[in-house]
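I pulled this one up to see how the chain sits and what its surface looks like. Notes below, in the order I looked.

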Amino acid sequence: MLYMQLEMIMTKTYIFVFTCVSRLVLQYIIFIIFHIFYAYHICLITGTWQMIKFLVKELVEDLQD
C-alpha cells in the first residue's frame with residue numbers, strides 16, 4: 001500500500017517537474033525565435049530604408065545633371 005502511494009507521489013512529482021521544464025524550454029525557444037525575427041526585421045527595414053535613400057540620392061543626382 002505504501003509503495004503504491006509512493007509510486008503515485010513520484011509519478012505526480014515527475015509530471016510536475018516535466019511540465020515545468022518543458023514550459024521553461026518552450027518559453028526559451030519562443031524567446032530566441034522572437035529575437036531572431038525581431039533582429040531580422042530591423043535589419044530588413046534599415047537595409048530597405050538605406051537602399052531607398054541611396055536610390056533617391058542617385059535619382060536626384062541624375063536630375064541635377
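Started with the surface: the chain's accessible area is about 6,700 Å², and 77% of it belongs to carbon and sulfur atoms. Areas are Shrake-Rupley with a 1.4 Å probe, and for residues only the protein chains shown count as cover.

Housekeeping: this is a predicted model, where local features need pLDDT of at least 70, side-chain atom pairs count only at pLDDT 80 or more, and totals for chains, interfaces and linings use all residues. Residues are numbered from 1 along each chain as its sequence is written, and side-chain values use heavy atoms, with hydrogens and water left out.

Next I checked the fold and found one helix and zero strands. These are DSSP runs, numbered from the N terminus (helices H or I, at least four residues; strands E, at least two). The radius of gyration is 28 Å, well over the 11 Å that the globule rule gives for 65 residues, so the chain is more spread out than a compact globule. That radius is over C-alpha atoms, and the rule is 2.2 Å times the number of residues to the power 0.38. The C-alpha trace spans about 95 × 5 × 5 Å along its principal axes.

How much of the chain is buried? Buried residues come to 0% of the 65. The cut-offs are under 20% relative accessible area for buried, over 50% for exposed, and partly exposed in between.

Then two residues. Tyrosine 3 is in helix α1 and is exposed at 60% relative accessible area. I also looked up valine 21, in helix α1 (residues 2-64); it counts as partly exposed because its relative accessibility is 44%.

Definitions and conventions
Buried means under 20% relative accessible area, exposed over 50%, partly exposed in between (1.4 Å probe, protein chains only).
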